[in-house]
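Student: I would like to learn how to read a protein model. Could you walk me through one, feature by feature?

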Amino acid sequence: MARRHVALSLAIIATAALGACAGDTNPVRDVAVGAGFGRTVPQRPDFVEASRPAGTDYMPVGVAAPPRALAKKTPDQVKAMEAELDGTRTGHGPMADEARRLAATPPPAPVKLDADGNAEPVPGARRRR
């Protein structure tokens with residue numbers, strides 16, 4: 001019988017300890033704060049209160065989004081946007097060609113070390129003083 005009480009007590013303590021991991025419902029924290037040992041939640045400064053909205057409207061899961069207020073574009077507007085994007089793409093063509101040309105340059109030669117492990121001077125490079 002005593003073993004049963006000990007096992008039950010351990011199960012209750014383990015449940016309370018694991019419940020401490022819960023966010024807002026934390027019985028261990030609530031008991032500690034009530035006894036004066038735990039940390040109370042500090043009041044938020046005025047600038048924080050002023051910068052946050054009083055209520056936030058979150059869309060619940062499973063609810064369709066409300067219809068948008070924007071009107072559908074006409075076929076002429078779509079064609080104008082496509083022409084603008086094509087013009088931007090052709091304008092970026094020379095820059096892309098230059099980037100491809102620069103990317104195709106061979107990598108630099110590896111640094112050569114002398115017997116002491118110092119880098120050999122590069123021909124034509126200026127030395128720092």
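Tutor: Gladly! Let's begin with a word you will need often: a residue is called exposed when its relative accessible area is over 50%, buried when it is under 20%, and partly exposed in between. Take Arg100: its relative accessibility is 55%, so Arg100 counts as exposed. Keep in mind that this is a predicted model.

Student: What share of the residues of the protein chain counts as buried?

Tutor: Just 2% of the 129 residues count as buried. The accessible surface of the protein chain comes to about 12,800 Å², and 61% of that surface belongs to carbon and sulfur atoms.

Student: How many helices and strands does the protein chain have?

Tutor: There are four helices and zero strands. Going along the sequence, you would write the pattern as α-α-α-α.

Student: Back to Arg100, then. Which residue does the side chain of Arg100 meet in a salt bridge?

Tutor: The idea first: we speak of a salt bridge when a side-chain nitrogen of Lys or Arg is within 4 Å of a carboxyl oxygen of Asp or Glu. Here the partner of Arg100 is Asp97, with 2.9 Å from N to O. Both residues lie in helix H4, three residues apart, which is about one turn of the helix. Asp97 has 48% relative accessibility, so Asp97 counts as partly exposed.

Student: How many salt bridges are counted here?

Tutor: The count comes to four. Another one joins Arg89 to Asp86, whose closest N and O atoms are 2.8 Å apart. Arg89 and Asp86 are three residues apart in helix H4 (residues 75–103), so about one helical turn separates them. With 57% relative accessibility, Arg89 is exposed, while Asp86, at 36%, is partly exposed.

Student: And which residue is the salt-bridge partner of Arg101?

Tutor: That is Glu98, and the N-to-O distance is 2.7 Å. You will recognise the spacing: Arg101 and Glu98 are three residues apart in helix H4, so they too are separated by about one helical turn. Arg101 is partly exposed at 49% relative accessibility, and Glu98 is partly exposed at 35%.

Student: Since H4 keeps coming up, how can I check its span against what is expected?

Tutor: Count 1.5 Å for each residue after the starting one. For the 29 residues of H4 the expected span is 42 Å, and the end C-alpha atoms are 40 Å apart, which agrees.

Student: Where does H4 bend?

Tutor: Look at Gly93, where H4 bends by about 35°. A proline, Pro94, follows within four residues.

Student: Let's move to helix H1. Which residues form a nonpolar patch on the surface?

Tutor: The patch is made of Val6, Leu10 and Ile13, which together have about 300 Å² of accessible area. Of these, find Leu10 in helix H1 (residues 2–19). Leu10 has a relative accessible area of 54%, so Leu10 is exposed.

Student: Ser9 is in helix H1 as well. Which backbone oxygen does the side chain of Ser9 reach?

Tutor: It is the backbone oxygen of His5, at 2.8 Å. As for accessibility, Ser9 is partly exposed, with a value of 40%.

Student: One more: how far apart are the C-alpha atoms of Arg29 and Thr40?

Tutor: They are separated by 9.4 Å, and the two residues are eleven residues apart along the chain. Arg29 lies in helix H2 (residues 27–35), and its relative accessibility of 35% makes Arg29 partly exposed.

Student: Could you leave me with a short recap?

Tutor: Of course! You have seen a chain with four helices and zero strands, where 2% of the residues count as buried. In H4 you followed salt bridges, including Arg100 with Asp97, and found the bend at Gly93.

Methods: Residues are numbered from 1 along each chain as its sequence is written. This is a predicted model: local features need pLDDT of at least 70, side-chain atom pairs count only at pLDDT 80 or more; totals for chains, interfaces and linings use all residues. Side-chain values use heavy atoms; hydrogens and water are left out. Patches are made of residues with over 30% relative accessible area and no salt bridge: like charges are joined within 9 Å, nonpolar side chains (Val, Leu, Ile, Met, Phe, Trp, Tyr) within 5 Å. Accessible areas come from the Shrake-Rupley method with a 1.4 Å probe; for residues, only the protein chains shown count as cover. Helices (H or I, at least four residues) and strands (E, at least two) are DSSP runs, numbered from the N terminus. Buried means under 20% relative accessible area, exposed over 50%, partly exposed in between (1.4 Å probe, protein chains only). A polar contact is a pair of N or O atoms within 3.5 Å; within protein, one must be able to donate a hydrogen and the other to accept it, and residues adjacent in sequence count only if both atoms are side-chain atoms. The bend at a residue is the angle between axes fitted to the seven residues ending there and the seven starting there.
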